[in-house]
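This report describes one predicted model. The sequence and structure are shown first.

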Amino acid sequence: MMHEHESTISRRRLLGTAAGAGAAGLVAGAAGGVAGHALASGDAPAPLTSLGAASVPFHGARQAGITTALQSHAHLVAFDLVAGARRKEAAALMRRWSAAAEAMTQGGAPDGDDLVAADAGPSSLTVTFGFGASFFDRTGLKSRRPDALAPLPSFSADALDADRSDGDLFVQIGADDALVAFHALRTLQRAADGTARVRWQMNGFNRAPGATARPMSMRNLMGQVDGTNNPKPSDADFEERVFVPAGGDPEWMAGGSYAVVRRIRMLLDAWDNLSGEQQDRVIGRRKSDGAPLSGGTETTPVDLGKQNPDGSLAVPGDAHVRVAAPSENGGAAMLRRSFSYHDGFDADGVPDAGLLFVAWQADPRRGFVPVQRKLDRGDGLSRFLRHETSALFAVPGGAKRGEYVGQRLLES
Ligand SMILES: C=CC1=C(C)c2cc3[nH]c(cc4nc(cc5[nH]c(cc1n2)c(C)c5CCC(=O)O)C(CCC(=O)O)=C4C)c(C)c3C=C
Ligand SMILES: [Fe+2]
């Protein structure tokens, strides 16, 4: 059997040629006054910037793309198995997908590559795979479906589009280069041919690395600093909140996590009509710098008990950060790793824009569900949001070298 490394060509080798061509063109242009594409043989490739050269390991106890720093481009995609595709075909697909993802994330390219990302480095590409509840029905693995994958309850604020919700298989692609991200998406979609078809796709973005001099969380499309009070890997309970432990239930999910994916539209025209002070009070933090209304800077812990001189709460009773706080939800917490989206403007000029909300947790029944129930009842922010799609996926632990993602489920 061919080792997966042998079945790939090095994109860095290609890079040498392409970057050399670019450099040669510039030189020719400067010296000869022509916009040259001519290749001078022997030109050394220009070094990648740190952005293009950065790579995230594919193999490991956990899949990449959960605790990885947010990338600037994302594709979130759900696939459905085609009629007739069962466990055997699904296992073969996961093997093909894992090999392709390993190659691309490490700067290589699969056989028969389309060269879309040929002259780019891996650019922090991550590819994360998951299984939806329907996958277990289609593959005869119902008895191995985790209890934690039970359908999410419905919430009063839901306006869900069934065609863009759920799905058998989930792929999250993140990269700091748009072509690298598209290349990964197209490569995986081609590799799925005959076994699975795209059910829905959502494209997201975040601030590019290097675009700010200040180390602060991302801003979302409402302009808020978002992500500040996420669980941190340095927290004592981080692992148990985000990942299924070894010996957890089911065993094949050890090192895995559950992803709640919701396309949440922002009602930006209504939001923009609020004053700056009103906007701050809806969240409970200052929009300008993300500092809590109880005082301090972005990273100061929120003091929910703090009162204004007139006795009112500094962080209002319906402020988003109060209603969502673990202390108000029996300790429930999740790792939010979301991307903004903008899919143009409706005919009436209303932006189709918002958040591709992605929340990671060891069990959604102790993470997203109780928090969203509470937000559904009393969150000041909910007046400016519409949950348009929803999905829940079991994302297994990472693959060891020579393994594919999901092998423990599909082959034992
Ligand atoms: C069910 C969980 C949550 C949904 C859905 C959600 C949507 C949502 N949130 C923002 C903006 C912000 N959220 C912030 C904090 C925050 N949000 C949640 C949960 C959900 N948010 C939690 C658990 C927290 C942390 C609360 C805490 O412990 O302090 C913030 C403040 C900055 C931060 O800590 O990240 C902002 C801003 C939007 C725009 C949105 C839907 C589009
Ligand atoms: Fe939030």
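The sections below cover the annotated domains, a helix pair, the ligand shell and two backbone features.

## Annotated domains

The structure is a predicted model, and two domain annotations come from an unreviewed UniProt entry. The record assigns "domain: Dyp-type peroxidase N-terminal" to residues 63–206. Helix makes up 27% of that span and strand 24%, and its end C-alpha atoms are 21 Å apart.

For "domain: Dyp-type peroxidase C-terminal", UniProt gives residues 219–399. Here the helix content is 19% and the strand content 24%, with 33 Å between the end C-alpha atoms.

## Packing of α3 and α5

Helix α3 spans residues 87–105 and helix α5 spans residues 178–191; their axes come within 10 Å and cross at roughly 160°. Because angles over 145 degrees count as roughly antiparallel, α3 is roughly antiparallel to α5. The crossing of the two helices is right-handed.

On the α3 side, the contact involves Arg-96, Trp-97, Ala-100 and Met-104. These meet Ala-184, Thr-187, Leu-188 and Ala-191 of α5. Sorted by class, the contact between α3 and α5 contains six nonpolar residues, one polar residue and one charged residue.

## Shell around ligand 1

Ligand 1 is surrounded by 25 residues, and the closest are Gln-224, Thr-228, Asn-229, Ala-324 and Leu-355. Four elements give two or more residues to this shell: the strands β9 (257–266) and β12 (351–361), and the helices α9 (320–324) and α10 (368–378). The largest share, four residues, is from α10.

What is the class make-up of the shell around ligand 1? It has 15 nonpolar residues, eight polar residues and two charged residues.

## Backbone features

Most peptide bonds are trans, and most residues other than glycine have a negative phi. Two sites in the model are described against that background.

One site is the peptide bond from Asp-249 to Pro-250, which is cis, with omega near -10°. Pro-250 sits in the loop that runs between α6 (238–242) and β9. Strand β9 is also among the elements that give two or more residues to the shell around ligand 1.

The other site is Ser-124, which is not a glycine but has a positive phi of about 60°. Ser-124 belongs to the loop between β3 (108–109) and β4 (126–131).

How values were computed. Residues are numbered from 1 along each chain as its sequence is written. Chains are lettered from A and ligands numbered from 1 in the order in which they are written. This is a predicted model: local features need pLDDT of at least 70, side-chain atom pairs count only at pLDDT 80 or more; totals for chains, interfaces and linings use all residues. A residue is near a molecule or strand if its C-beta atom, placed from the backbone, lies within 6 Å of it. Ala, Val, Leu, Ile, Met, Phe, Trp, Tyr, Cys and Pro count as nonpolar, Asp, Glu, Lys and Arg as charged, and the others, Gly among them, as polar. UniProt positions are given in the numbering used here, feature names are shortened, and annotations may be inferred rather than shown by experiment. Axes are lines fitted to C-alpha atoms, for helices over the stretch in contact, and angles run from 0 to 180 degrees between N-to-C directions. Angles under 35 degrees count as roughly parallel, over 145 as roughly antiparallel, 65 to 115 as roughly perpendicular and the rest as oblique. A crossing is left-handed if the near helix is turned anticlockwise from the far one by less than a right angle, and right-handed if clockwise. Two residues are in contact if their C-beta atoms, placed from the backbone, lie within 7 Å.
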